[in-house]
Amino acid sequence: MITTDICIIGAGPVGLFAVFEAGLLKMRCHLIDALPQVGGQLSEIYPQKPIYDIPGFPDVKAQELVDNLMEQINPFHPTFTLGERVENLERQADGSFFITTNEQTVVHCQVVVIAGGLGCFEPRKPEIEGLEAFEGKGVSYMIKNPELLRDRRVVLAGGGDSALDWTVFLANIAKEVTLIHRSDSFRGAPDSAEKVFELASEGRINLILQSNITRVSGNGHLQEITITGKDKTVTTRATDHLIPLFGLTPKLGPIADWGLQIDKSAIQVDTTDYATNVERIYAIGDINTYPGKLKLILCGFHEAALMCQSAFKYVYPSQKLSFKYTTVNGIPTF
Amino acid sequence: MIHFTIEDQNGGQQPIEIPEGISLSLMEVLKASEYPILATCGGMALCATCHVAVLEGAARLPPVNDAEGDLLDTLPDADSDSRLACQLRVDESLDGAVFRLRAA
């Protein structure tokens with residue numbers, strides 16, 4: 001078990017800077033992020049894009065800003081759990097929390113700070129009758145171990161790069177591969193699309209275009225899918241696996257069930273200290289909302305500073321907080 | 001003035017009037033008009049919560065860019081008339097168009 005003062009959910013720029021502001025007040029931080037690296041959107045989505053509205057930086061590449069933040073918080077020795085998603089929050093009698101991830105990592109903390117940005121990226125699920133009943137029983141939304149599909153009948157659905165790439169890859173592994181796409185063309189990755197059409201013409205995969213899966217059925221485990229064409233023809237196909245690959249979409253995830261006030265996928269906070277309606281839980285950065293909210297990194301930095309001033313009373317209940325400038329006191333490392 | 005029409009999820013149509021020269025995307029106009037769209041990603045063509053169908057005027061719109069096309073390709077429910085409102089600038093090309101909200 002990991003013990004810390006503040007557990008920060010989300011290791012994007014705002015979560016990282018919160019470590020600095022907390023550190024100035026001698027509060028230790030542990031960060032959890034669903035992505036395998038720190039930086040959030042900046043590292044994952046646009047690492048090479050320049051950002052122009054960070055005070056003091058006429059322009060800075062997104063990844064460079066993340067690297068600088070990591071250097072800035074290094075004196076405070078933050079610890080990280082990366083590639084895991086926060087699942088459960090349990091309040092103790094003394095007000096502190098136990099946080100558990102999907103990999104069963106447990107963090108004990110006095111304060112929870114949600115700096116989750118857009119949320120977790122989760123697979124986008126198509127609307128197919130009966131689909132959820134077969135999740136884990138033949139239906140999955142990502143391929144973690146392709147060996148599990150060896151000599152099996154596999155249906156893939158989707159038209160993006162990952163649907164194309166997996167179709168090509170699985171053609172050599174699975175017993176039978178079928179790709180179903182709603183359109184008759186693929187926009188992305190012309191090389192992969194060409195390869196898919198080639199495999200189809202050689203009879204090594206089944207390519208079903210202008211069609212959608214409309215129903216799944218089985219007996220405890222997936223057995224059959226129903227395919228409806230744009231021309232309304234309905235066919236069925238026996239299969240062992242169905243893997244819909246429709247990309248990822250940001251979702252709040254389990255945080256949505258923590259009793260927080262939520263408005264349009266954002267967490268409502270009090271602008272005095274960015275506290276949520278649940279004591280000892282704060283929300284900062286793009287994931288919060290309040291009148292006048294701007295989704296800017298610099299606003300998240302400001303929110304982090306005010307949040308820490310407020311969180312101090314839970315970490316050091318018997319101490320009086322005195323405000324100090326770094327120019328006067330330097331950085332009190334620990 | 002630029003005039004276009006929004007059809008909401010219930011089929012009701014509402015005319016929208018926007019002055020020329022305003023630097024807004026259609027997504028931003030929809031949000032400002034309090035349509036129930038999330039626009040989670042803030043205009044980066046990532047979340048598709050501003051997915052619209054172009055019922056009229058599709059030919060005059062600028063072509064689908066790479067980021068938009070990549071995302072539309074991955075959507076389970078996109079059609080040939082699908083666009084992402086966040087990638088459409090509000091300018092003369094939208095004049096006379098009719099958009100239906102697709103995202104929940």
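## A tour of chain A and its contact with chain B

Begin by selecting helix H4 of chain A, residues 161-170, where the buried residues are A:Ser162, A:Ala163, A:Leu164, A:Trp166, A:Thr167 and A:Leu170. Please keep in mind throughout that the model on your screen is predicted. If you now add the elements that cover the buried residues of H4(A), you will find that they include strand S12 (153-157), strand S13 (176-180) and helix H5 (190-201) of chain A.

Next, select A:Val154, which touches A:Leu170 and also, among other residues, A:Leu149, A:Ala174, A:Val177 and A:Ile243. A:Val154 is one of the residues with the most contacts inside the largest nonpolar core, a set of 57 residues, and the others listed with it are A:Leu156, B:Leu26, B:Leu30, B:Cys50 and B:Ala85. Apart from this core lies another one, of 51 residues, and you can locate it by selecting A:Ile8, A:Ile73, A:Phe76 and A:Ile284, which are among its members.

Since the core just visited includes residues of chain B as well as chain A, colour the two chains separately and look at where they meet. Here 17 residues of chain A are in contact with 15 residues of chain B. On the side of chain A that touches chain B, there are six nonpolar, seven polar and four charged residues.

Now zoom out to chain A as a whole, in which seven helices and 23 strands are assigned. Its C-alpha atoms fill a box of roughly 75 × 50 × 35 Å along the principal axes, and 38% of its 334 residues count as buried. Colour it by domain, taking residues 2-122 together with 249-329 as domain 1 and residues 125-246 as domain 2; the centres of these two domains, taken over C-alpha atoms, are separated by 39 Å. Of the contacts in chain A between residues at least 6 apart in sequence, 62% join residues at least 24 apart.

For the next stop, select the open sheet of three strands in chain A, whose order is S15-S16-S17 and whose pairing is antiparallel. Which strands stand at the edges of this sheet? They are strand S15 (211-218) and strand S17 (234-238), and because each has a single partner strand, one side of each is left without a neighbour in the sheet. Neighbouring strands of this sheet are turned by 25 degrees against each other on average, with direction ignored. In general, the strands of a sheet pair through backbone hydrogen bonds, and the pairing can be either parallel or antiparallel.

Stay with S15(A) and strand S16 (residues 222-229), which pair in the antiparallel sense over seven bridges, and look for A:Val216, whose bridge partner in S16(A) is A:Ile225. Then follow the hairpin that these two strands form, which has three residues between the strands, and stop at A:Gly220, which takes a positive phi near 85 degrees.

Finally, select A:Thr333, in the segment after helix H7 (326-329) of chain A. Is A:Thr333 buried or exposed? It counts as exposed, because it has 10 C-beta neighbours inside 10 Å, and a residue with 12 or fewer is placed in that class. Leaving aside residues up to four places away in sequence, A:Thr333 touches A:Pro75 and A:Phe76. The C-alpha atom of A:Thr333 is separated by 8.0 Å from that of A:Leu24, although the two residues are 309 residues apart along the chain.

Technical notes. Residues numbered from 1 in each chain as written. Chains lettered and ligands numbered in written order. Predicted model: local features only at pLDDT ≥ 70, side-chain atom pairs only at ≥ 80, totals over all residues. Helix = DSSP H or I, 4+ residues; strand = E, 2+ residues; numbered from the N terminus. Buried ≥ 20, exposed ≤ 12 C-beta atoms within 10 Å, placed from the backbone. Contact = placed C-beta atoms within 7 Å. Core = buried A, V, L, I, M, F, W, Y, C linked by C-beta atoms within 7 Å. Nonpolar A, V, L, I, M, F, W, Y, C, P; charged D, E, K, R; others polar. Domains from an automatic or database assignment. Pairing = 2+ DSSP bridges. Axes fitted to C-alpha atoms, helices over the stretch in contact; angles between N-to-C directions.
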